[in-house]
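Trainee: I should like to work through this structure with you, question by question. May we begin once it is in view?

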Amino acid sequence: MHEVYLGLGSNLGDKRRNIAEAVRLIGERVGEVVRQSTLIETEPWGFQSQNSFLNGVVLCLTDKSPREVLTLTQQIERELGKRKEHATKRSQIVKGKSSNCKYADRPIDIDILLYDDLTVDEPDLKIPHPLMHQRDFVMIPLKEIEY
């Protein structure tokens, strides 16, 4: 089994419910969620919004490949209401950014932060997450549950 740390964020709708539902679906489809950080409220990063975020991190044990985890988490995002302009078409836009290359409000965002000690550098999949060390809303919950 592989250890994958996933970052979760929500700033639209019932944020706690959005994250709880994402965790439930991750547990059903990706693998057993064995740790979950507390949720922290944060200001938007990379854009301005009146909507604050709830952010957290989960540790999941999975038999899926990094590519399968990406596909499954993107499917969960879509099911929970992430709009098309937030979809990952990295040849045209960056995940979490709208078609005009700006971050936008979203009901759920799921990022692969770490996958074992693997490094992946593909156009649409980068592990470890390249911006995680710049983001307190990732690093604080990650440090809370990391071994």
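Mentor: A residue counts as buried under 20% relative accessible area, as exposed over 50%, and as partly exposed in between. Please keep in mind throughout that this is a predicted model.

Trainee: With those cut-offs, is Arg-24 buried, exposed or partly exposed?

Mentor: The relative accessibility of Arg-24 is 41%. Buried requires under 20% and exposed requires over 50%. Arg-24 therefore counts as partly exposed.

Trainee: Which residue meets the side chain of Arg-24 in a salt bridge at 2.3 Å, N to O?

Mentor: The partner is exposed, with a relative accessible area of 53%. Both residues belong to helix H1, where they are four residues apart and so separated by about one helical turn. The residue that meets Arg-24 in this salt bridge is Glu-28.

Trainee: Which residue forms a salt bridge with Asp-124?

Mentor: Asp-124 is partly exposed, at 23% relative accessible area, and its partner is also partly exposed, at 32%. The closest N and O atoms of the pair are 2.7 Å apart. Asp-124 lies in the loop between S6 and S7 while its partner is in helix H2, so the salt bridge ties together parts that are 57 residues apart in sequence. The partner of Asp-124 is Arg-67.

Trainee: Which residues are joined into one network by salt bridges that share partners?

Mentor: A search of the whole structure finds seven salt bridges. One of them is the pair Glu-28 and Arg-24. The network formed through shared partners consists of Glu-21, Arg-24 and Glu-28.

Trainee: Turning to the interior, which element gives the most residues to the largest nonpolar core?

Mentor: This core has 24 residues, and Leu-6, Ile-26, Ile-110 and Ile-112 touch the most other members. The elements that give two or more residues to it are S1, H1, S4, H2, S5 and S7. The greatest contribution, five residues, comes from H1.

Trainee: How many residues make up the second, separate core?

Mentor: Its members include Tyr-5, Ile-40, Leu-114 and Met-139. Met-139 is also among the buried residues of helix H3 (residues 136-145). The second core has 12 residues.

Trainee: Why is S5 described as largely enclosed by the rest of the structure, and which residue of S5 is the bridge partner of Leu-8?

Mentor: Seven of the seven residues of S5 are buried, so the strand is largely enclosed. S1 and S5 pair in the antiparallel sense over six bridges. The buried residues of H3 pack against several strands, including S1 and S5. The bridge partner of Leu-8 in S5 is Ile-110.

Trainee: How far apart in space, C-alpha to C-alpha, are Leu-80 and Glu-21?

Mentor: Leu-80 lies in the loop between helix H2 (66-79) and S5, and it is buried, with a relative accessible area of 18%. Beyond its neighbours within four places in sequence, Leu-80 is in contact with residues including Asn-18, Glu-21 and Leu-25. Leu-80 and Glu-21 are 59 residues apart in sequence, and their separation in space is 8.1 Å.

Trainee: Which residue has a positive phi although it is not a glycine?

Mentor: The residue is found in the loop between S5 and strand S6 (120-122). At 37% relative accessibility, it counts as partly exposed. Its phi is about 45°, and the residue is Asp-116.

Trainee: What is the omega of the cis peptide bond that joins Ile-127 and Pro-128?

Mentor: Pro-128 is found in the loop between strand S7 (125-127) and H3. The omega of the cis bond from Ile-127 to Pro-128 is about -5°.

Methods:
Residues are numbered from 1 along each chain as its sequence is written. This is a predicted model: local features need pLDDT of at least 70, side-chain atom pairs count only at pLDDT 80 or more; totals for chains, interfaces and linings use all residues. Side-chain values use heavy atoms; hydrogens and water are left out. Buried means under 20% relative accessible area, exposed over 50%, partly exposed in between (1.4 Å probe, protein chains only). Contact means heavy atoms within 4.5 Å. Two strands pair if DSSP finds at least two bridges between them. A nonpolar core is a set of buried Ala, Val, Leu, Ile, Met, Phe, Trp, Tyr and Cys residues joined through side-chain atoms within 4.5 Å. A salt bridge is a side-chain nitrogen of Lys or Arg within 4 Å of a carboxyl oxygen of Asp or Glu.
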